[in-house]
Amino acid sequence: YQRVVLASRPRGEVQPDNFRIESAQLPELADGQVLVRNHYLSLDPYMRGRMSEAKSYAASQAIGETMIGGTAGEVLASKHPKFAVGDKVVGMLGWAEMGVADGATLRRVDTTHIPLSAYLGVVGMPGMTAWYGLNQIMMPKEGETILVSAASGAVGSAVGQLARLKGCRAVGIAGGPEKCAYVVDELGFDACIDYKAGKLAEDLAAATPDGIDAIFENVGGAGFDAALPRMNAFGRIALCGLIAGYNGDEVPIRNMRYMLTSRLTVRGFIVSEHMDLWPQGLGELGQLVAGGKIKYRETVAPGLASAPDAFIGLLKGRNFGKQLVKLI
Ligand code: NDP
């Protein structure tokens, strides 16, 4: 089978030659293991951190190893009592056409009302990230205003829609008029600010007449900085991601003093450290998606060989919604 390995560590922007496609042999299936054919690969911003050697919350991955990543596919053979041939499963098999996984690392999913791919997005890790940050950190009350950056993306799109369902005013930040139109017209946000239009402070003031009570921060950089002066007293910030800096760019915060003067609470979090809440969160998200109450969008790259370029695009905002690779 074919797989994509980390060939070298990027310096600054990720390049195609940081990856290599190679053939690999499947190991013999041992007791407790399952052979899975991947239908979809998930591409996620955190992978940039794993490609690097810099210290972070998780160890970096070794050169020559299969690129890490979430996957959704179908069981081809099983030596685990809980999985049968044909089951649809989500796992962490990485950038590969297929692989062998311990049954304990797989989750069987029901594709009757929810498509398989959605389990890598809104009913998977990104959706859970939105759910956690909103419910455990931002804790917005009805009528409050929340702001979310990378608002058209996998995480951000869910944050705003969940907040709307709680009766909040949801304001997004996204790159370009097309993404902003989608965030308002399709996802139902109250407003969306195009940070590329060059008048952040003015647009934020217009979109948040009552100030901002809580921020879900995905990006860092200019949008975050411009939002701080608009925070109301005792506002909450769920610090989820700083994608503007993942390729090494500086993301200075000039308006730090508002964290003091507005008595803000800032909490970073890593969603995979809260597995105890996943069944609840994914259960709620699954019902909302199956009931049409939460919408989502995907950008699907065709075939394993397209994964490196699609990942490079994700770090530049070329994706529109959840970035996937479709294998079959
Ligand atoms: P998205 O689907 O939102 O895709 C990434 C988006 O980020 C792009 O579409 C782009 O949107 C924006 N972006 C990319 N590069 C830049 C840049 N240089 N400056 C500004 N914006 C940029 O990805 P996800 O929803 O999967 O992830 C969103 C964030 O959540 C990331 O920061 C990620 O690391 C974080 N995350 C954190 C988790 C945790 O446990 N803490 C778990 C999962 C995700 P646009 O065109 O609008 O700029």
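## The shell around the ligand

Sorted by class, the residues that form the shell around the ligand comprise 16 nonpolar, 10 polar and 4 charged residues, and this description, like everything that follows, rests on a predicted model. In total, 30 residues surround the ligand, and the closest of them are Gly-153, Val-155, Gly-175, Gly-241 and Gly-317.

Two helices can be named as contributors, since helix 2 (125-138) and helix 3 (154-165) each provide at least two residues of the shell around the ligand. Helix 3 gives the most, with 3 residues. Looking at domains instead, the shell takes at least three residues from each of domain 1 (2-121 + 297-326) and domain 2 (125-272).

## The largest nonpolar core

The largest nonpolar core has 96 residues, and those touching the most other members are Ile-146, Val-159, Phe-216, Ala-307 and Val-325. Helix 2 supplies the largest share of this core, namely 8 residues, while domain 1 (2-121 + 297-326) and domain 2 (125-272) each contribute at least three residues to this core.

Val-325 can serve as an example: when its neighbours within four places in sequence are left aside, Val-325 is in contact with Tyr-40, Leu-41, Leu-43, Ala-301, Leu-304, Ser-306, Ala-307 and Ala-310. One of these contacts, Ala-307, is also listed among the core residues that touch the most other members.

## The annotated span

According to an unreviewed UniProt entry, residues 14-325 are covered by the annotation "domain: Enoyl reductase (ER)". In the model, the end C-alpha atoms of residues 14-325 lie 18 Å apart, and this span is 26% helix and 25% strand.

How values were computed: Residues are numbered from 1 along each chain as its sequence is written. This is a predicted model: local features need pLDDT of at least 70, side-chain atom pairs count only at pLDDT 80 or more; totals for chains, interfaces and linings use all residues. UniProt positions are given in the numbering used here, feature names are shortened, and annotations may be inferred rather than shown by experiment. Helices (H or I, at least four residues) and strands (E, at least two) are DSSP runs, numbered from the N terminus. A residue is near a molecule or strand if its C-beta atom, placed from the backbone, lies within 6 Å of it. Ala, Val, Leu, Ile, Met, Phe, Trp, Tyr, Cys and Pro count as nonpolar, Asp, Glu, Lys and Arg as charged, and the others, Gly among them, as polar. Domain bounds come from an automatic or database domain assignment. A nonpolar core is a set of buried Ala, Val, Leu, Ile, Met, Phe, Trp, Tyr and Cys residues joined through C-beta atoms within 7 Å. A residue is buried if 20 or more other C-beta atoms lie within 10 Å of its own, exposed if 12 or fewer, and partly exposed in between; C-beta atoms are placed from the backbone. Two residues are in contact if their C-beta atoms, placed from the backbone, lie within 7 Å.
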